[in-house]
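Hi,

Here is the structure I said I would pass on. Have a look, and then read my notes below it.

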Amino acid sequence: MKKVLVTGGAGYIGSACSEYLLDRGYDVTVFDALITGHRDAVDPRAKLVEGNLADRPLIIDVCRRGQFDAVMHFAAFSLVGESMKNPSKYFGNNLANAINLADAAVEGGVKTFVFSSTAATFGQPEKVPISENDRQIPINPYGESKLCFEKVLSWYSRIYGMKYAALRYFNAAGATVLHGEDHRPESHLIPIILETVRGKREKLMLFGDDYDTPDGSCIRDYIHILDLAQAHELALAAPESGHYNLGTGNGLSVFEIIRAAEEVTGKKVNFEIAPRRPGDPARLIACSDKARSALGWKPKYESALDIIESAWKWQLKFPEGYAK
Ligand code: UFG
(Lines give C-alpha, C1' and ligand atoms only; values in the text may rest on other atoms or scores of the structure.)
Protein backbone atom coordinates (compact mmCIF):
# COMPACT_ATOMS: atom_id res chain seq x y z
CA MET A 1 0.00 0.00 0.00
CA LYS A 2 1.34 3.41 -0.92
CA LYS A 3 1.66 6.03 1.79
CA VAL A 4 0.86 9.57 0.77
CA LEU A 5 1.19 12.82 2.72
CA VAL A 6 -1.52 15.24 1.58
CA THR A 7 -0.90 18.84 2.66
CA GLY A 8 -4.07 20.90 2.47
CA GLY A 9 -6.21 17.76 2.75
CA ALA A 10 -8.86 19.77 4.60
CA GLY A 11 -9.27 22.12 1.63
CA TYR A 12 -11.46 21.94 -1.45
CA ILE A 13 -9.31 19.97 -3.88
CA GLY A 14 -7.12 18.27 -1.26
CA SER A 15 -10.11 16.73 0.52
CA ALA A 16 -11.57 15.35 -2.71
CA CYS A 17 -8.20 13.98 -3.73
CA SER A 18 -7.76 12.32 -0.32
CA GLU A 19 -11.16 10.66 -0.74
CA TYR A 20 -10.15 9.46 -4.23
CA LEU A 21 -6.88 7.97 -2.94
CA LEU A 22 -8.49 6.34 0.10
CA ASP A 23 -11.14 4.75 -2.14
CA ARG A 24 -8.25 3.18 -4.06
CA GLY A 25 -6.50 1.75 -1.03
CA TYR A 26 -3.83 4.38 -0.36
CA ASP A 27 -2.75 5.21 3.16
CA VAL A 28 -3.35 8.96 3.53
CA THR A 29 -1.99 11.37 6.13
CA VAL A 30 -3.42 14.87 5.93
CA PHE A 31 -1.27 17.80 7.08
CA ASP A 32 -3.33 20.96 7.41
CA ALA A 33 -3.24 24.15 9.45
CA LEU A 34 -7.04 24.42 9.27
CA ILE A 35 -6.80 28.12 8.37
CA THR A 36 -8.90 27.98 5.20
CA GLY A 37 -9.56 24.23 5.40
CA HIS A 38 -12.26 22.57 7.48
CA ARG A 39 -11.78 19.81 10.06
CA ASP A 40 -14.98 18.18 8.80
CA ALA A 41 -13.59 18.03 5.28
CA VAL A 42 -10.84 15.64 6.38
CA ASP A 43 -11.83 12.14 5.37
CA PRO A 44 -12.30 10.09 8.58
CA ARG A 45 -10.19 7.29 7.07
CA ALA A 46 -7.16 9.62 6.89
CA LYS A 47 -4.82 10.49 9.74
CA LEU A 48 -4.77 14.22 10.49
CA VAL A 49 -1.70 16.15 11.59
CA GLU A 50 -2.80 19.67 12.46
CA GLY A 51 0.16 21.89 11.72
CA ASN A 52 1.55 24.72 9.68
CA LEU A 53 4.25 24.34 7.04
CA ALA A 54 5.91 27.40 8.61
CA ASP A 55 6.80 25.00 11.44
CA ARG A 56 9.89 23.56 9.77
CA PRO A 57 10.91 21.16 12.59
CA LEU A 58 7.37 19.74 12.65
CA ILE A 59 7.09 19.01 8.94
CA ILE A 60 10.61 17.56 8.88
CA ASP A 61 9.70 15.29 11.78
CA VAL A 62 6.43 14.22 10.09
CA CYS A 63 8.29 13.33 6.87
CA ARG A 64 11.14 11.55 8.68
CA ARG A 65 8.78 9.35 10.66
CA GLY A 66 6.11 8.90 7.98
CA GLN A 67 7.97 6.75 5.42
CA PHE A 68 5.83 8.35 2.72
CA ASP A 69 6.13 7.22 -0.87
CA ALA A 70 4.75 10.54 -2.08
CA VAL A 71 3.81 14.03 -1.04
CA MET A 72 0.85 15.80 -2.64
CA HIS A 73 1.05 19.48 -1.89
CA PHE A 74 -2.29 21.31 -2.01
CA ALA A 75 -1.80 23.62 0.98
CA ALA A 76 -1.64 27.19 -0.31
CA PHE A 77 -3.41 30.51 -0.40
CA SER A 78 -5.16 31.00 -3.73
CA LEU A 79 -6.92 34.36 -4.00
CA VAL A 80 -5.50 36.44 -6.82
CA GLY A 81 -6.93 39.74 -5.52
CA GLU A 82 -5.64 39.16 -2.00
CA SER A 83 -2.18 38.37 -3.38
CA MET A 84 -2.07 41.83 -5.00
CA LYS A 85 -2.74 43.43 -1.60
CA ASN A 86 -0.60 41.14 0.55
CA PRO A 87 2.20 39.60 -1.53
CA SER A 88 4.14 38.61 1.60
CA LYS A 89 1.35 36.24 2.63
CA TYR A 90 1.60 34.50 -0.76
CA PHE A 91 5.38 34.32 -1.10
CA GLY A 92 5.62 33.37 2.59
CA ASN A 93 3.21 30.45 2.47
CA ASN A 94 3.19 29.35 -1.16
CA LEU A 95 6.95 29.61 -1.58
CA ALA A 96 8.91 29.79 1.72
CA ASN A 97 6.71 27.30 3.58
CA ALA A 98 6.59 25.06 0.52
CA ILE A 99 10.41 24.97 0.57
CA ASN A 100 10.19 23.66 4.16
CA LEU A 101 8.02 20.87 2.79
CA ALA A 102 10.37 20.12 -0.11
CA ASP A 103 13.31 19.93 2.32
CA ALA A 104 11.29 17.68 4.61
CA ALA A 105 10.42 15.43 1.65
CA VAL A 106 14.12 15.13 0.79
CA GLU A 107 15.00 14.38 4.43
CA GLY A 108 12.26 11.76 4.59
CA GLY A 109 13.41 10.03 1.41
CA VAL A 110 10.13 10.78 -0.41
CA LYS A 111 10.38 9.63 -4.03
CA THR A 112 7.57 11.63 -5.67
CA PHE A 113 6.27 15.15 -5.13
CA VAL A 114 2.98 16.18 -6.78
CA PHE A 115 2.38 19.91 -6.71
CA SER A 116 -0.85 21.87 -7.20
CA SER A 117 0.16 24.55 -9.67
CA THR A 118 -2.15 26.80 -11.63
CA ALA A 119 -3.09 28.40 -14.93
CA ALA A 120 -2.25 31.66 -13.17
CA THR A 121 1.45 30.89 -13.85
CA PHE A 122 0.74 31.83 -17.50
CA GLY A 123 -0.57 35.34 -16.81
CA GLN A 124 -2.18 36.84 -19.93
CA PRO A 125 -1.76 34.04 -22.45
CA GLU A 126 -0.61 34.91 -25.96
CA LYS A 127 -2.94 32.25 -27.35
CA VAL A 128 -5.43 29.61 -26.28
CA PRO A 129 -5.47 26.70 -25.76
CA ILE A 130 -2.39 27.03 -23.55
CA SER A 131 0.32 24.39 -23.86
CA GLU A 132 2.91 23.45 -21.27
CA ASN A 133 5.72 25.21 -23.11
CA ASP A 134 3.91 28.50 -23.61
CA ARG A 135 5.42 31.58 -22.00
CA GLN A 136 4.83 31.86 -18.26
CA ILE A 137 4.68 35.49 -17.15
CA PRO A 138 2.42 35.71 -14.10
CA ILE A 139 0.49 38.93 -13.55
CA ASN A 140 -0.01 38.57 -9.81
CA PRO A 141 1.96 37.34 -6.76
CA TYR A 142 -0.26 34.25 -6.49
CA GLY A 143 0.76 33.00 -9.95
CA GLU A 144 4.36 34.07 -9.38
CA SER A 145 4.58 32.20 -6.06
CA LYS A 146 3.38 29.02 -7.78
CA LEU A 147 5.76 29.45 -10.71
CA CYS A 148 8.70 30.03 -8.33
CA PHE A 149 7.91 26.79 -6.55
CA GLU A 150 7.70 24.90 -9.86
CA LYS A 151 11.30 26.07 -10.39
CA VAL A 152 12.33 25.03 -6.88
CA LEU A 153 11.02 21.54 -7.60
CA SER A 154 12.84 21.39 -10.90
CA TRP A 155 16.15 22.12 -9.12
CA TYR A 156 15.41 19.72 -6.26
CA SER A 157 14.65 17.03 -8.78
CA ARG A 158 18.00 17.61 -10.53
CA ILE A 159 19.99 17.84 -7.32
CA TYR A 160 18.30 15.24 -5.10
CA GLY A 161 16.67 12.99 -7.71
CA MET A 162 13.15 13.54 -6.32
CA LYS A 163 10.60 13.06 -9.10
CA TYR A 164 7.91 15.74 -9.30
CA ALA A 165 4.80 16.64 -11.23
CA ALA A 166 3.55 20.22 -11.44
CA LEU A 167 -0.16 19.99 -12.21
CA ARG A 168 -1.48 23.29 -13.48
CA TYR A 169 -5.17 23.36 -12.73
CA PHE A 170 -7.41 25.55 -14.79
CA ASN A 171 -10.77 26.22 -13.08
CA ALA A 172 -11.31 23.50 -10.49
CA ALA A 173 -15.03 22.93 -10.05
CA GLY A 174 -17.70 20.44 -8.99
CA ALA A 175 -17.94 18.18 -5.96
CA THR A 176 -17.92 14.57 -4.82
CA VAL A 177 -20.85 13.30 -2.77
CA LEU A 178 -19.02 14.28 0.41
CA HIS A 179 -16.57 17.01 -0.54
CA GLY A 180 -17.34 20.35 -2.14
CA GLU A 181 -16.44 24.00 -2.33
CA ASP A 182 -16.71 26.01 0.89
CA HIS A 183 -14.45 29.06 0.82
CA ARG A 184 -15.14 31.81 3.33
CA PRO A 185 -15.81 34.26 1.86
CA GLU A 186 -16.72 32.50 -1.40
CA SER A 187 -15.30 34.14 -4.51
CA HIS A 188 -15.68 31.43 -7.18
CA LEU A 189 -18.25 31.60 -9.93
CA ILE A 190 -20.11 28.28 -9.71
CA PRO A 191 -20.71 28.18 -5.92
CA ILE A 192 -21.75 31.84 -6.02
CA ILE A 193 -24.27 31.15 -8.80
CA LEU A 194 -25.69 28.19 -6.89
CA GLU A 195 -25.94 30.21 -3.66
CA THR A 196 -27.84 32.84 -5.63
CA VAL A 197 -30.26 30.21 -6.94
CA ARG A 198 -30.83 28.98 -3.37
CA GLY A 199 -31.53 32.52 -2.20
CA LYS A 200 -28.48 32.52 0.08
CA ARG A 201 -27.28 35.61 -1.77
CA GLU A 202 -29.29 38.16 -3.68
CA LYS A 203 -27.44 38.16 -6.98
CA LEU A 204 -24.30 37.33 -8.87
CA MET A 205 -22.11 40.27 -9.81
CA LEU A 206 -20.94 39.42 -13.34
CA PHE A 207 -17.48 40.94 -13.68
CA GLY A 208 -17.34 42.45 -17.15
CA ASP A 209 -19.40 41.93 -20.32
CA ASP A 210 -17.04 43.95 -22.52
CA TYR A 211 -14.23 41.44 -23.06
CA ASP A 212 -13.11 40.48 -26.54
CA THR A 213 -15.09 37.22 -26.49
CA PRO A 214 -18.25 36.25 -28.42
CA ASP A 215 -20.66 37.26 -25.62
CA GLY A 216 -18.34 39.73 -23.88
CA SER A 217 -17.82 37.68 -20.67
CA CYS A 218 -14.66 35.83 -19.63
CA ILE A 219 -14.02 32.32 -20.87
CA ARG A 220 -12.64 29.64 -18.54
CA ASP A 221 -11.93 25.92 -18.67
CA TYR A 222 -13.84 24.26 -15.81
CA ILE A 223 -12.42 20.92 -14.71
CA HIS A 224 -13.98 18.54 -12.18
CA ILE A 225 -12.04 17.95 -8.95
CA LEU A 226 -12.29 14.15 -9.39
CA ASP A 227 -10.60 14.48 -12.77
CA LEU A 228 -7.87 16.48 -11.05
CA ALA A 229 -7.64 13.69 -8.45
CA GLN A 230 -7.26 11.13 -11.22
CA ALA A 231 -4.31 13.12 -12.63
CA HIS A 232 -2.67 13.10 -9.18
CA GLU A 233 -2.82 9.34 -8.95
CA LEU A 234 -1.47 8.95 -12.50
CA ALA A 235 1.38 11.35 -11.69
CA LEU A 236 2.53 8.97 -8.95
CA ALA A 237 3.14 6.27 -11.53
CA ALA A 238 4.76 8.51 -14.15
CA PRO A 239 8.37 7.46 -14.79
CA GLU A 240 9.66 11.03 -15.10
CA SER A 241 9.12 14.51 -13.75
CA GLY A 242 6.83 16.79 -15.76
CA HIS A 243 4.53 19.77 -16.00
CA TYR A 244 0.95 19.23 -17.07
CA ASN A 245 -1.89 21.62 -17.90
CA LEU A 246 -5.19 20.21 -16.67
CA GLY A 247 -8.48 21.27 -18.20
CA THR A 248 -11.12 19.81 -20.49
CA GLY A 249 -10.08 22.02 -23.41
CA ASN A 250 -13.64 23.44 -23.58
CA GLY A 251 -13.85 27.13 -22.85
CA LEU A 252 -17.12 28.40 -21.38
CA SER A 253 -18.13 31.99 -20.82
CA VAL A 254 -19.72 33.30 -17.64
CA PHE A 255 -23.05 33.64 -19.51
CA GLU A 256 -22.79 30.02 -20.66
CA ILE A 257 -22.15 28.87 -17.08
CA ILE A 258 -25.20 30.85 -15.93
CA ARG A 259 -27.37 29.16 -18.58
CA ALA A 260 -26.01 25.72 -17.68
CA ALA A 261 -26.74 26.37 -13.99
CA GLU A 262 -30.29 27.40 -14.91
CA GLU A 263 -30.72 24.15 -16.81
CA VAL A 264 -29.38 22.05 -13.91
CA THR A 265 -31.37 23.79 -11.17
CA GLY A 266 -34.49 24.68 -13.15
CA LYS A 267 -34.27 28.21 -11.69
CA LYS A 268 -33.28 31.64 -12.95
CA VAL A 269 -29.97 33.13 -11.87
CA ASN A 270 -30.30 36.72 -10.74
CA PHE A 271 -27.26 38.70 -11.88
CA GLU A 272 -26.03 42.23 -12.46
CA ILE A 273 -23.28 43.36 -14.80
CA ALA A 274 -20.42 44.83 -12.78
CA PRO A 275 -17.04 46.29 -13.79
CA ARG A 276 -14.23 43.94 -14.75
CA ARG A 277 -12.35 42.33 -11.86
CA PRO A 278 -8.71 43.48 -12.01
CA GLY A 279 -6.34 40.77 -13.20
CA ASP A 280 -8.93 38.59 -14.99
CA PRO A 281 -7.60 37.40 -18.38
CA ALA A 282 -10.30 37.22 -21.09
CA ARG A 283 -9.68 33.55 -21.93
CA LEU A 284 -7.98 30.65 -20.17
CA ILE A 285 -8.30 27.30 -21.90
CA ALA A 286 -5.96 24.35 -21.40
CA CYS A 287 -4.37 22.15 -23.98
CA SER A 288 -4.10 18.94 -21.96
CA ASP A 289 -2.78 16.68 -24.73
CA LYS A 290 0.41 16.05 -22.78
CA ALA A 291 -1.44 14.80 -19.68
CA ARG A 292 -3.56 12.56 -21.90
CA SER A 293 -0.64 11.06 -23.79
CA ALA A 294 2.10 10.97 -21.13
CA LEU A 295 -0.03 10.16 -18.07
CA GLY A 296 -2.96 8.39 -19.75
CA TRP A 297 -5.31 10.96 -18.20
CA LYS A 298 -8.95 10.74 -19.31
CA PRO A 299 -11.24 13.36 -17.75
CA LYS A 300 -14.68 11.85 -17.09
CA TYR A 301 -16.63 15.09 -16.64
CA GLU A 302 -16.49 16.70 -20.08
CA SER A 303 -19.84 18.47 -19.70
CA ALA A 304 -20.35 21.63 -17.65
CA LEU A 305 -23.85 20.35 -16.83
CA ASP A 306 -22.39 17.32 -15.02
CA ILE A 307 -19.85 19.45 -13.20
CA ILE A 308 -22.48 21.96 -12.07
CA GLU A 309 -24.91 19.19 -11.13
CA SER A 310 -22.34 17.65 -8.77
CA ALA A 311 -21.77 21.05 -7.13
CA TRP A 312 -25.54 21.61 -6.90
CA LYS A 313 -26.12 18.25 -5.17
CA TRP A 314 -23.36 19.07 -2.69
CA GLN A 315 -24.88 22.46 -1.86
CA LEU A 316 -28.30 20.88 -1.38
CA LYS A 317 -26.81 18.23 0.92
CA PHE A 318 -24.66 20.73 2.86
CA PRO A 319 -26.59 24.04 2.64
CA GLU A 320 -24.34 25.70 5.23
CA GLY A 321 -21.16 24.03 3.98
CA TYR A 322 -18.94 22.25 6.48
CA ALA A 323 -19.62 22.68 10.19
CA LYS A 324 -17.66 25.49 11.81
N1 UFG B 1 -16.83 35.78 -11.87
C2 UFG B 1 -17.88 36.66 -11.87
N3 UFG B 1 -18.49 36.93 -10.69
C4 UFG B 1 -18.11 36.35 -9.51
C5 UFG B 1 -17.03 35.43 -9.52
C6 UFG B 1 -16.42 35.17 -10.74
O7 UFG B 1 -18.26 37.21 -12.90
O8 UFG B 1 -18.69 36.66 -8.44
C9 UFG B 1 -16.16 35.47 -13.15
C10 UFG B 1 -14.71 35.88 -13.13
O11 UFG B 1 -14.57 37.21 -13.55
C12 UFG B 1 -14.10 34.88 -14.09
C13 UFG B 1 -14.97 33.62 -13.92
O14 UFG B 1 -16.18 34.09 -13.32
O15 UFG B 1 -14.26 35.33 -15.40
C16 UFG B 1 -14.33 32.59 -13.05
O17 UFG B 1 -13.93 33.20 -11.82
P18 UFG B 1 -13.45 32.37 -10.56
O19 UFG B 1 -13.19 33.37 -9.47
O20 UFG B 1 -14.40 31.26 -10.28
O21 UFG B 1 -12.10 31.70 -11.03
P22 UFG B 1 -10.79 32.40 -11.64
O23 UFG B 1 -10.77 32.09 -13.09
O24 UFG B 1 -10.65 33.80 -11.25
O25 UFG B 1 -9.67 31.68 -10.78
C26 UFG B 1 -9.28 30.35 -10.97
C27 UFG B 1 -8.71 29.84 -9.65
C28 UFG B 1 -7.51 30.66 -9.26
C29 UFG B 1 -6.52 30.65 -10.37
C30 UFG B 1 -7.16 31.09 -11.66
C31 UFG B 1 -6.22 30.95 -12.81
O32 UFG B 1 -9.69 29.93 -8.64
O33 UFG B 1 -6.92 30.09 -8.10
O34 UFG B 1 -8.31 30.30 -11.94
O35 UFG B 1 -6.18 32.17 -13.46
F36 UFG B 1 -5.51 31.50 -10.11
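S83 sits in helix α3, which covers residues 80-85; helices here are DSSP runs of H or I with at least four residues, strands are runs of E with at least two, and both are numbered from the N terminus. S83 is buried, at 0% relative accessible area. For that label, buried means under 20% relative accessible area, exposed over 50%, and partly exposed in between, with a 1.4 Å probe and protein chains only. From S83 to D61 is 22 residues in sequence and 30 Å in space, C-alpha to C-alpha. G81 lies in α3 too, but G81 is partly exposed, with a relative accessible area of 41%.

Before you go further: this is a predicted model, where local features need pLDDT of at least 70 and side-chain atom pairs count only at pLDDT 80 or more, while totals for chains, interfaces and linings use all residues. Residues are numbered from 1 along each chain as its sequence is written, and side-chain values use heavy atoms, with hydrogens and water left out.

Now the overall picture. The protein has ten helices and 13 strands. Its radius of gyration is 19 Å, close to the 20 Å that the globule rule gives for 324 residues, so the protein is as compact as a globular protein of that length. (The radius is taken over C-alpha atoms, and the rule is 2.2 Å times the number of residues to the power 0.38.) The C-alpha trace spans about 55 × 40 × 40 Å along its principal axes, and 56% of the 324 residues count as buried.

Next, the ligand. Where does the ligand lie relative to domain 1 and domain 2? Domain 1 (3-173 + 221-246) and domain 2 (189-220 + 250-317) both give residues to the shell around the ligand, so it lies between them; the bounds come from an automatic or database domain assignment. There are 21 residues around the ligand, and H188, M205, R220, R277 and D280 come nearest (a residue is near if one of its heavy atoms lies within 4 Å). Both α6 (189-197) and β8 (204-207) supply at least two residues of the shell, and β8 gives the most, with four.

As for contacts, a polar side-chain atom of R277 is 2.6 Å from a ligand oxygen atom. A backbone N or O atom of L189 is 2.9 Å from an oxygen atom of the ligand, and for S78 the corresponding backbone distance is 3.4 Å. The protein covers 90% of the 690 Å² of accessible area that the ligand has on its own (Shrake-Rupley method, 1.4 Å probe).

Away from the ligand, S117 is in strand β5 (residues 112-118) and counts as buried, at 2% relative accessibility. Its side chain makes a polar contact with the side chain of E150, at 2.6 Å. Such a contact is a pair of N or O atoms within 3.5 Å; within protein, one must be able to donate a hydrogen and the other to accept it, and residues adjacent in sequence count only if both atoms are side-chain atoms.

Finally, some backbone oddities. Most residues other than glycine have a negative phi, and most peptide bonds are trans. The V128 to P129 bond is cis, with omega near -5°, and a cis bond also joins R184 and P185, with omega about 0°. L34 has a positive phi, near 55°, and is buried at 19%. Q67 also has a positive phi near 55°, but Q67 counts as exposed, at 58% relative accessibility.

Cheers
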